Amino acid sequence: MAKTSPKRRKTDKPKASMATRAIHAGEDRRKFADSLTTPIIQTSTFTFKNSKEIEDYTRSGKGHYEYGRYGNPTATIAEQRLADLEGAEDCVVFSSGMSAITTTILSLVQSGDHIVITDDSYKKTLEFCRSYLKQFSIACTIVGFGDYDALEKAIRPNTRFIFSESPTNPYLNIFDLFKISKIAERHGVLTLIDSTFATPYNQRPLEFGMDLVLQSCTKYLAGHNDILAGAVLGRFDLVDKIRNLHKSMGGTIDPHCCYLLLRGLKTFAIRVAQQNETALAVARHLEGHPKIKQVYYPFLESHPHYKVATEQMAGGGGVVTFTTKGTLTGAKRFLDALKLCYIGPSLGGVETLITHPALVSYYNYSRKERYDLGITDTLFRLAVGLEDVEDIIADLERGLKQL
Ligand SMILES: Cc1ncc(COP(=O)(O)O)c(C=O)c1O
């Protein structure tokens, strides 16, 4: 399918069928040995009956699996289910979100090309674009998030794509997907969006004209903090190119891991719906709290991107970012008093996690470097799980009393 001009401006609420499709899509009703659950085809290689079967397969490239790095039936089902949820023609799953991102980027560029990326993208994605692409003579312009003029001006004749993320970490900035797809269309460049914080439940970027969606399935899609997985989704022609490079790069996901991803996906819609609700309640509780300086949540009216967030997303997601009043010492006391929320750097799982970026992800930055990036001493990112909202709030209150 050729790229179509974006038409839509508003994301519909996920259809009720998303919950159903998250359980059944992309899989035959009758499975191996009449199993109800997805069989895990735990093999590294596949066998052929005879020479004719080999020839039929090599001629068509279809109807058979060959070797685990090139594809596996359990992985195929995960790909088909994710593609269905995202509204994509095709999908490739990877061993991690970063494997999906780096393989996708490398499959779209060659020496002498240029790319544009927004400065609020995931730290390791930025590092890869800024530091490693240089080794292959691929230039990268980093533009300030939300500066659409600078973004357009950064596009050169050799620009291949614009890469961004929405919502972003940790401030949950929202990229206007429609605006960006219009800019890209004017200049004939591709658009790649990391939609991990949103998931297809809250945002389906392909409907806004984005060309490729990247997901760290490690987060909400798998949802249980027990696997690493990634995916790229989009048109057949683009995904095919990425799949080919993936076969050489080898970031292959294990079949058992695919099973865990599929199992997690069964409750995906219901989990994200609840996490939206819990996070909004926590954000509202913290906003205006005497011990809290500021709360950042895209579905709070006070968020700078509230309008675009509520237009292009069905819910604000499960992450709430906030700053406490006081100092780093107080922030540590807050963290140490928590008994329910685990201190840890991920998101999207059933357990509530809280992270203090200054102590974890930016521990090796100077205070000035951190502050330049907005990583202050009292900044926290809370990723709500599925515990009762009252229990999460009570735990936060326990911590806030220590300030
Ligand atoms: C927005 C975003 N994209 C990509 C990644 C990388 O995913 P993974 O950890 O599955 O490699 C992360 C990880 O935290 C992330 O937050």
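A residue is buried if 20 or more other C-beta atoms lie within 10 Å of its own, exposed if 12 or fewer, and partly exposed in between, with C-beta atoms placed from the backbone. Helices (H or I, at least four residues) and strands (E, at least two) are DSSP runs, numbered from the N terminus. This is a predicted model: local features need pLDDT of at least 70, side-chain atom pairs count only at pLDDT 80 or more, and totals for chains, interfaces and linings use all residues. Residues are numbered from 1 along each chain as its sequence is written.

**Exercise 1. Helix α10**

Task: find how many residues of helix α10 (residues 255–265) are buried, and what covers them.

Solution.
- Step 1. Take the count. Eight of the eleven residues of α10 are buried, and the helix is mostly covered.
- Step 2. Name them. They are P255, C257, C258, Y259, L261, L262, G264 and L265.
- Step 3. Look for the cover. It includes α1, α3 (73–86), β1 (90–94) and α11. Contact here means that two C-beta atoms, placed from the backbone, lie within 7 Å.

**Exercise 2. Strand β6**

Task: describe the cover and the partners of strand β6 (residues 212–216).

Solution.
- Step 1. Count the buried residues. In β6 they are five of five.
- Step 2. Split the strand by face. In a regular strand the side chains alternate between the two faces of the sheet. L212, L214 and S216 are on one side of β6, V213 and Q215 on the other, and all are buried.
- Step 3. Find the partners. Two strands pair if DSSP finds at least two bridges between them. Strand β5 (residues 190–194) pairs with β6 in the parallel sense, over three bridges. Strand β7 (residues 230–234) pairs with β6 in the antiparallel sense, over five bridges.
- Step 4. Locate facing residues. I193 stands opposite V213 in β6. Q215 stands opposite A231 in β7.

**Exercise 3. A five-stranded sheet**

Task: give the strand order of the open sheet that holds β9, and explain what marks its edges.

Solution.
- Step 1. Write the order. The five strands run β8-β9-β12-β11-β10, with mixed pairing.
- Step 2. Go to the edges. β8 (292–296) and β10 (342–343) each have a single partner strand, so one side of each lacks a neighbour in the sheet.
- Step 3. Check one pair. Strands β9 (residues 319–324) and β12 (residues 379–383) run antiparallel and are joined by five bridges. T323 stands opposite L379 in β12.
- Step 4. Add the helix. α11 (residues 268–286) lies across β8, β9 and β12, at about 15° to β9. Axes are lines fitted to C-alpha atoms, for helices over the stretch in contact, and angles run from 0 to 180 degrees between N-to-C directions.

**Exercise 4. Unusual backbone**

Task: locate two cis peptide bonds and two residues with positive phi.

Solution.
- Step 1. Recall the norm. Most residues other than glycine have a negative phi, and most peptide bonds are trans.
- Step 2. Find the cis bonds. One joins S166 and P167, with omega about -10°. Another runs from N169 to P170, with omega near 0°.
- Step 3. Place them. P167 is in the loop between β4 (159–165) and α7 (177–187). P170 is also in the loop between β4 and α7.
- Step 4. Turn to phi. A33 is not a glycine, yet its phi is about 60°. T199 has phi near 70°.
- Step 5. Set each in context. A33 lies in the loop between α1 (17–24) and α2 (51–60). A33 counts as exposed because it has 6 C-beta neighbours inside 10 Å. T199 is in helix α8 (residues 199–202). T199 is buried, with 29 other C-beta atoms within 10 Å.
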